[in-house]
Amino acid sequence: MTALIHYRAASGTFVPVWTLEIQTLPEDTDRILDAVMVVHPLGYGRYQRNASISATGAETAQPEPGSTTTTHADGFEAGGTETYPMVELKISIERDVAVLEKVMDAVMEVHHYEEPVIFLREDWASRATYDPKNDNPNRWWNNGRGLPDRVA
């Protein structure tokens with residue numbers, strides 16, 4: 001995979017990144033992103049605060065004795081199954097341990113769990129040869145449809 005560092009096409013390049021996939025409540029994504037933005041711009045090309053948020057799914061677990069669930073949820077018995085709504089919030093940062101430490105500290109400070117489910121992957125992210133005046137008919141500013149409808 002290190003050969004990708006030498007990849008150069010007319011359309012662009014790839015850069016090494018770490019992708020963090022954070023499972024969280026749907027209503028907590030902005031709080032997590034706002035906290036991360038204090039320590040990292042989450043840049044992607046000429047855009048900041050880049051992230052993807054999955055559709056709402058579910059997460060499930062069986063808390064053990066001494067977990068915060070068995071400690072703080074009245075009547076909950078260890079080994080019982082709990083299932084809650086969740087989304088996967090994905091962000092990418094450069095592969096720099098000091099940056100990762102700051103981002104993880106920010107996420108851990110505002111996440112609702114004491115043991116958030118966070119996956120860290122080594123990925124390669126595309127970086128396009130940027131031309132805001134590109135006349136490609138597939139680009140949103142040329143296709144007659146414009147930007148898609150905003151979700152929020």
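Start by selecting Glu-21: this residue is buried, with a relative accessible area of 11%. Here "buried" means under 20% relative accessible area, "exposed" means over 50%, and "partly exposed" is what falls in between, worked out with a 1.4 Å probe and protein chains only. Before you click on, know that this is a predicted model, where local features need pLDDT of at least 70, side-chain atom pairs count only at pLDDT 80 or more, and totals for chains, interfaces and linings use all residues. Residues are numbered from 1 along each chain as its sequence is written, and side-chain values use heavy atoms, with hydrogens and water left out.

**Stop 1: the partners of Glu-21**

Now add Lys-90 to your selection. Its side chain meets that of Glu-21 in a salt bridge, at 3.6 Å from N to O. A salt bridge is a side-chain nitrogen of Lys or Arg within 4 Å of a carboxyl oxygen of Asp or Glu. Glu-21 sits in strand β1 and Lys-90 in strand β4, so this pair ties together parts that are 69 residues apart in sequence. (Helices and strands are DSSP runs numbered from the N terminus: H or I with at least four residues for a helix, E with at least two for a strand.) Is Lys-90 buried or partly exposed? Lys-90 counts as partly exposed, at 30% relative accessibility.

Next, select Arg-121 and Asp-123. These two form a salt bridge as well, with their closest N and O atoms 3.3 Å apart. Arg-121 is partly exposed at 32% relative accessibility, and Asp-123 is partly exposed at 21%. Show all the side chains you have picked so far: Glu-21, Lys-90, Arg-121 and Asp-123 are linked in a network of salt bridges.

How many salt bridges does the structure hold? There are six. For another one, go to Asp-28 and Arg-31, whose side chains meet at 3.1 Å, N to O. Asp-28 is buried, with a relative accessible area of 8%, while Arg-31 is partly exposed at 39%.

**Stop 2: Thr-19**

Go back to strand β1 and pick Thr-19. Thr-19 is buried, at 9% relative accessibility. Leaving out residues up to four places away in sequence, Thr-19 touches Ile-91, Ser-92, Phe-119, Leu-120, Arg-121 and Asp-123. Touching, or contact, means heavy atoms within 4.5 Å. Two of those names, Arg-121 and Asp-123, you met in the salt-bridge network. If you like measuring tools, try Thr-19 to Lys-102: they are 83 residues apart in sequence and 14 Å apart in space, C-alpha to C-alpha.

**Stop 3: helix α1**

Select residues 29–39, which make up helix α1, and colour Thr-29, Ile-32, Leu-33, Ala-35 and Val-36, which are buried. Look down the axis of α1: its buried residues fall within an arc of 160 degrees, so they line one face of the helix. The arc is that of the directions from the helix axis to the C-beta atoms. What do the buried residues of α1 pack against? Turn on β1, β2 (52–53), β4 and α3 (97–110) to see their neighbours.

**Stop 4: the largest pocket**

Time for some empty space. The largest pocket has a volume of about 800 Å³. Of the 29 residues that line it, the closest to its centre are Tyr-44, Gly-45, Tyr-47, Ala-128 and Tyr-130, so zoom in on those. A pocket is found on a 1 Å grid over the protein atoms alone, as an open set of points with protein on both sides within 12 Å along at least five of seven lines; lining residues have an atom within 4 Å of a point. Its volume is the space filled by probe spheres set on the points.

Then show β1 (12–24), β4 (82–94) and β5 (118–128), each of which supplies at least two residues of the lining of the largest pocket. Which of them gives the largest share? That is β5, with six residues.

**Stop 5: the second largest pocket**

Last, select Ala-61, Thr-69, Glu-82, Tyr-113 and Glu-115, which lie nearest the centre of the second largest pocket among its 15 lining residues. About 350 Å³ of space lies in there. β3 (57–61), α2 (68–72) and β4 each supply at least two residues of this lining, and β3 gives the most, with three.

Finish on Thr-69, which lies in helix α2. Thr-69 is buried, at 16% relative accessibility, and it touches Pro-63, Phe-76 and Glu-82, not counting residues up to four places away in sequence.

Note on methods: 1 Å grid on protein atoms, 1.4 Å probe; cavity = no way out; pocket = protein on both sides within 12 Å on 5 of 7 lines; lining within 4 Å.
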